[in-house]
Amino acid sequence: MKGIAEEIFIRAAGIVAEMIEQIVKEEPTPIPQKGKPTVFKRRKPGQSDIQTSVTTIDELFDHIRMLDAEEYPLAYLDIGGFRYEFSRPALRTGHIQADVKIIHKAADRKK
């Protein structure tokens, strides 16, 4: 799917609403799931650290865009006493353009 996580969630919400309407109208017979279910654990903030997970520009773009949604810890880099948080990425030819919020980590701990 294309877009940042928030855009994907919005598109998915429309599809889910249509599915709910269809289920209510048609009352389909449930079919048991086959195979072993896959369970995903909630992301931990440390998994958003860019330095531990990406090696290509496409992977970096996907890492930033898939964390750019409410309730998700933004993709970040910790360098020195600062944290750089990235949002609103756009993949361009040969580079990524994104917003960055820079937080002084010592000031953040005082809050």
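A residue is called buried when its relative accessible area is under 20%, exposed when that value is over 50%, and partly exposed in between (1.4 Å probe, protein chains only). By that yardstick Glu70 is exposed, because its relative accessible area is 63%. The model you are looking at is predicted: local features need pLDDT of at least 70, side-chain atom pairs count only at pLDDT 80 or more, and totals for chains, interfaces and linings use all residues. Residues are numbered from 1 along each chain as its sequence is written, and side-chain values use heavy atoms, with hydrogens and water left out.

## Helix 1 and its nonpolar patch

Let us begin with helix 1. Helices (H or I, at least four residues) and strands (E, at least two) are DSSP runs, numbered from the N terminus. Helix 1 covers residues 5-26, which makes 22 residues. The expected span of a helix is 1.5 Å times one less than its number of residues. For helix 1 that gives 32 Å, and the end C-alpha atoms are 31 Å apart, so the two values agree.

Part of the surface here is nonpolar: Ile15, Val16, Met19, Ile20, Ile23 and Val24 make a patch of about 560 Å². Patches are made of residues with over 30% relative accessible area and no salt bridge; like charges are joined within 9 Å, and nonpolar side chains (Val, Leu, Ile, Met, Phe, Trp, Tyr) within 5 Å. The areas come from the Shrake-Rupley method with a 1.4 Å probe, and for residues only the protein chains shown count as cover. One of the patch members, Met19, lies in helix 1 and is partly exposed, because its relative accessible area is 46%.

Ile8 also sits in helix 1, but Ile8 counts as buried because its relative accessibility is 10%. Its C-alpha atom is separated by 9.5 Å from that of Ala69, although the two residues are 61 apart along the chain.

## A negative patch and two positive phi angles

Which residues gather in a patch of negative charge on the surface? They are Glu6, Glu7, Glu70 and Glu71. For this purpose Lys and Arg count as positive and Asp and Glu as negative, while His and the chain ends are not counted. The place of a charge is taken as NZ of Lys, CZ of Arg, CG of Asp or CD of Glu.

Glu70 belongs to the loop between helix 2 (57-65) and strand 1 (75-79). Glu71 is found in the loop between helix 2 and strand 1, and Glu71 is exposed, because its relative accessible area is 70%. The backbone of Glu71 deserves a look: its phi is positive, about 80°, although Glu71 is not a glycine. Most residues other than glycine have a negative phi.

Glu27 has a positive phi too, about 45°, and is not a glycine either. Glu27 follows helix 1 and is found in the loop between helix 1 and helix 2. Its relative accessible area is 65%, so Glu27 is exposed.

## Salt bridges

The structure holds five salt bridges, each being a side-chain nitrogen of Lys or Arg within 4 Å of a carboxyl oxygen of Asp or Glu. Side chains of opposite charge can pair when their charged atoms come close. Among the five are these pairs:

| Pair | N to O distance |
|---|---|
| Arg65 and Asp62 | 2.8 Å |
| Arg83 and Asp78 | 2.7 Å |
| Lys105 and Asp78 | 3.6 Å |

The Lys105 pair links distant parts of the chain: Lys105 is in helix 3 (residues 105-109) and Asp78 in strand 1, 27 residues apart. Shared partners join Asp78, Arg83 and Lys105 into one network of salt bridges. How accessible are its members? Lys105 is partly exposed, because its relative accessible area is 23%. Asp78 counts as partly exposed because its relative accessibility is 23%, and Arg83 because its relative accessibility is 25%.

Arg65 and Asp62 both lie in helix 2, three residues apart, about one turn of the helix. An α-helix has 3.6 residues a turn, so residues three or four places apart point the same way. Arg65 is buried, because its relative accessible area is 11%, whereas Asp62 counts as partly exposed because its relative accessibility is 35%.

Helix 2 also contains Asp58, which is partly exposed because its relative accessible area is 46%. The C-alpha atoms of Asp58 and His95 are separated by 9.3 Å, and the two residues are 37 apart along the chain.
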